[in-house]
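User: I am new to reading structures and would like to go through this one step by step. Could we start with the terms and then move on to the parts?

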Amino acid sequence: MQFLSVSFIILWALAFALYYLIPSKVQWYVLLAASLLFYIAGSKGIPVALPVTALTTYGCGLLLQKSFARQKEALETCAGKEQKKSVKEIFAKKRKRMQILYFIVNLGLLFFYKYTVLALPVLQMIPGLSSDFVEKLIMPLGISFYTLTAMGYIIDVGRENCEAEHNFLKMLLFLSYFPAITQGPFNRFGTMKEQFGKTHEFDYGRMLRGIQRFVWGAFKKLVIADRIGIFVDSVFESDVSAVPGSIFACAVVFYMIQLYADFSGYIDMAMGVSESFDIFLPENFKRPYFSRSVAEFWRRWHITLGTWFKDYVMFSFVMSGTGRKIGKACKKKWNGLGRHVVPIIGTMLVWFFTGAWHGRTVSYMLWGLYYGVIMSLSLLLEAKYSVWKQKFHIKEGKGYAFFCMVRTWLIVFAADVLIRSRSLAQAGMIFQSFFTRLDLRALLSKTVTSYGLSKYEFLLLFAALLIWLIVSIWEEKGKDVRAYLAGRPMLLRWSCYYGIVLLLLITGIYGGNYDTAAFLYQSF
Amino acid sequence: MEEKVLEILEEHCEEALDYDGDSMMEDGVIDSFTVINVVSDLEDEFDIEIDAKYVIAENFRNKEAIIELVRKLLEE
């Protein structure tokens, strides 16, 4: 079941009606039932991985909490500081072992499903294994998302940053919450538990805001992402030697927009659905293409994934015994530069895992490595920036800010060539085409309309992009577009609402050979 | 103690001293590298160990929260 399907709209409407009709204490059951229905309907075969993750997460959380309680009891009987320290160490070791076992099981499941697909051609050749069985081995819906969400919860319980959940069904709801299960955003247990447990009363304004955000997300997905995707797919499927470099450059820029429109469109829909239930999900995008550096770009793009890796990988490593030892040794040996060694190792680790999380191919590993190296270099060179700016008389005005934005786009552009190309060889040939046969005239000739989009389609696309840009500039200035519209006269307000819906219905890309319902990030 | 914490903050991130909101990390005032350097200097200065469990947005929401964290760890 996809967000953009009749069955989902029916599920949303029914769950919404029931949610506000029943007593507040049991409202979360409606969310759980809707989540399970959504999950089962969207899964191929019987979903096994999610219950395994939910059960192990629930069990491990309780065991960790029990260990803290026992530690407290043991500490009360201790006399001296040294004895207390050794008791703490014993219990900490036990908890560490529990967590390691938990990570092996759940990361093992993720690894199994994520990488078995590489062995599918071999598996299909084994006599006796039906193709139906092999199909079922394909990644369970949302496994990359709920596995990290669950691991974050276990780390938080282990750090005593949140209490373990005692109700298994509430744990299941946290992991399977239907607006967020397939593509995030990544939620934290503390904030979600608090919201699930609250009394939620019907509010017409909130419902309207939820629907508006859903429609806005659908607009980005159907009018922009799916339209632009036709051109991108067509260019990347073509014979590389027959496509001018300028067309490839255009396709990569379009892919950057497609990925953003597709993913942020999904997140808008997820947040809209959730908002209608009075459950607020964390923002996942803050207009990343306005960023002036790659670090800022990744603080604005897929924010919840970035904070997940920062909190649970980067800081875990840097503040660990190993991290501290390396840090001290490097500081002693290299003084000034030595302090950067551990953050750089942490950064490279984060980007290695980010690459592996996004995809199974060497291209994704290189993509992760590329960003890791850029982030590390910018850390090392940070102190030099102000010196260079003075030396070359660079003033920090609007022009410099725009230059920084373009520089960020170019860095992201190069990374996206890697992940959008069918292979590393194709990526290499595309880079080569930028220098050997750019042919800028192709962009103004009929060549550009021979990749699936007519002149009319391009005009529509640019009009939609202009609307999106205006809204983004508004939001960047701190304005709430939905609140602004709500304060306008009724005629103007509803004209805008109907205008977007009509535009969506008339100009959205539906059906045909292109799979409208699928979202790009679902494959990560 | 407060003065020393502010000095460390000033050395790594001057903007943090003028910031009067309550989400310094989310607002991009202080990035993860700066947090790591600040933590490292606080540990050396006050002879404390700031575990990863304390390195959360809440404890780094503004300069007052960082001072509060150091005070809490010194009392432990």
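Analyst: Before we speak of domains, it helps to know that domain bounds come from an automatic or database domain assignment. Please also keep in mind that this is a predicted model.

User: Which domains does the assignment give for chain A?
Analyst: One of the domains is built from two separate stretches of the chain, written with a plus sign, namely 203-281 + 423-524. Taken in full, the assignment for chain A reads domain 1 (6-202), domain 2 (203-281 + 423-524) and domain 3 (291-420).

User: How far apart do the C-alpha centres of domain 1 and domain 2 of chain A lie, and which helix gives the most to the side of domain 1 that touches domain 2?
Analyst: The C-alpha centres of these two domains of chain A lie 32 Å apart, and 15 residues of domain 1 are in contact with 16 residues of domain 2. By class, the side of domain 1 that touches domain 2 has eight nonpolar, six polar and one charged residues. With three residues, the helix that gives the most to this side of domain 1 is α1 of chain A, residues 6-21.

User: Are helices α10 and α19 of chain A parallel, antiparallel, perpendicular or oblique to each other?
Analyst: Helix α10 (residues 204-237) and helix α19 (residues 455-476) of chain A pack with their axes 10 Å apart and at an angle of about 130°. Angles of 65 to 115 degrees count as roughly perpendicular and those over 145 as roughly antiparallel, so the angle of about 130° makes α10(A) and α19(A) oblique.

User: What is the handedness of the crossing of α10(A) and α19(A), and which residues of α19(A) make the contact?
Analyst: Where α10(A) passes α19(A), the crossing is left-handed. The contact has seven nonpolar, no polar and three charged residues. On the α10(A) side it is made by A:Lys220, A:Val223, A:Ile224, A:Arg227 and A:Ile228, and on the α19(A) side by A:Glu457, A:Leu461, A:Ala464, A:Leu465 and A:Trp468.

User: Why does the radius of gyration of chain B agree with that of a compact globule?
Analyst: Chain B has four helices and zero strands, and its C-alpha trace spans about 30 × 25 × 20 Å along its principal axes. Because a compact globule with 76 residues would have a radius of gyration near 11 Å, the value for chain B agrees, being 11 Å.

User: How many residues of chain A are in contact with chain B?
Analyst: On the side of chain B that touches chain A, the residues divide into six nonpolar, four polar and three charged. These 13 residues of chain B meet a partner set in chain A, and the number of residues there is 17.

Note on methods:
Residues numbered from 1 in each chain as written. Chains lettered and ligands numbered in written order. Predicted model: local features only at pLDDT ≥ 70, side-chain atom pairs only at ≥ 80, totals over all residues. Contact = placed C-beta atoms within 7 Å. Nonpolar A, V, L, I, M, F, W, Y, C, P; charged D, E, K, R; others polar. Axes fitted to C-alpha atoms, helices over the stretch in contact; angles between N-to-C directions. Helix = DSSP H or I, 4+ residues; strand = E, 2+ residues; numbered from the N terminus. Parallel < 35°, antiparallel > 145°, perpendicular 65-115°, else oblique. Left-handed = near helix turned anticlockwise from the far one by under 90°. Rg over C-alpha atoms; globule rule 2.2 N^0.38 Å.
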